[in-house]
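The exercises below can be worked with the sequence and the model side by side. Try each task before reading its solution.

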Amino acid sequence: MADCLFCMIAAGKIPSKKVYADDRYYAFEDINPQAPTHVLVIPRVHITTLNDLTPADGPLMGDMLLLAARIAKERGLGEQGYRLNFNCLEDGGQTVPHVHVHVMGGRRFSWPPG
Ligand code: AMP
Ligand code: ZN
């Protein structure tokens, strides 16, 4: 999608600190990290919110979770743990309208979230 921030980041049109890339996904450091590790994983295909997912996106999203967990473990978070977070629309705290999962770790998170 031409005017989407994360589509442009995945395409290399806006600079980012790359963590991982393949033909389906791009992962990069969050510009405003909320934890010692804060990586965003996005599908290269534009999907605006979780509401827009269809059953056909199941494998894409499932593999995205596997990738997110792999990145967390590669960051050394496998023993202490980590948090994967999807935000959806206003009440969910979504600010960028392209589906992404936050991979956060390196500190203790509270529950329930604020
Ligand atoms: P969300 O609030 O769930 O939509 O998350 C969007 C995330 O994108 C926030 O944590 C922002 O800090 C992050 N972000 C926004 N712009 C950029 C950027 N240019 N590069 C890296 N991360 C960004
Ligand atoms: Zn997009």
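**Exercise 1.** What geometry does the site of the zinc ion (ligand 2) have, judging by the angles among its four donor atoms?

*Solution.* Start with the conventions. This is a predicted model, in which local features need pLDDT of at least 70 and side-chain atom pairs count only at pLDDT 80 or more, while totals for chains, interfaces and linings use all residues. Residues are numbered from 1 along each chain as its sequence is written, chains are lettered from A and ligands numbered from 1 in the order in which they are written, and side-chain values use heavy atoms, without hydrogens and water.

Step 1: list the donors (N, O and S atoms within 2.8 Å of the metal, or 3.2 Å for Na, K and Ca; water is not among the atoms, so sites may look incomplete). Cys4 (SG), Cys7 (SG), His46 (ND1) and His98 (ND1) coordinate the zinc ion (ligand 2) at 2.1 to 2.3 Å.

Step 2: check the angles. They run from 106 to 117 degrees, and the site is tetrahedral (four donors, all angles between 85 and 135 degrees).

Step 3: place the donors in the chain. Their spacing is C-x2-C-x38-H-x51-H. Cys4 belongs to the segment before α1 (5-10) and His98 to the loop between α3 (89-92) and β5 (101-105), so this pair ties together parts 94 residues apart in sequence. Helices (H or I, at least four residues) and strands (E, at least two) are DSSP runs, numbered from the N terminus.

**Exercise 2.** Compare the expected and actual span of α2, then find what its buried residues pack against.

*Solution.* Step 1: the expected span is 1.5 Å times one less than the number of residues. For the 17 residues of α2 that gives 24 Å, in agreement with the 24 Å between its end C-alpha atoms.

Step 2: the buried residues (under 20% relative accessible area; exposed is over 50%, partly exposed in between; 1.4 Å probe, protein chains only) include Leu60, Met64, Leu67 and Ile71.

Step 3: the buried residues of α2 pack against β1 (18-21), β2 (25-29), β3, β4 and β5, where contact means heavy atoms within 4.5 Å.

**Exercise 3.** Is Gly76 buried or exposed?

*Solution.* Step 1: Gly76 sits in the loop between α2 (58-74) and β4 (82-85). Just after α2, Gly76 has a positive phi of about 80 degrees.

Step 2: the relative accessible area of Gly76 is 56%, so Gly76 is exposed.

Technical notes
Tetrahedral: all angles 85-135°; square planar, octahedral: opposite > 155°, others 65-115°.
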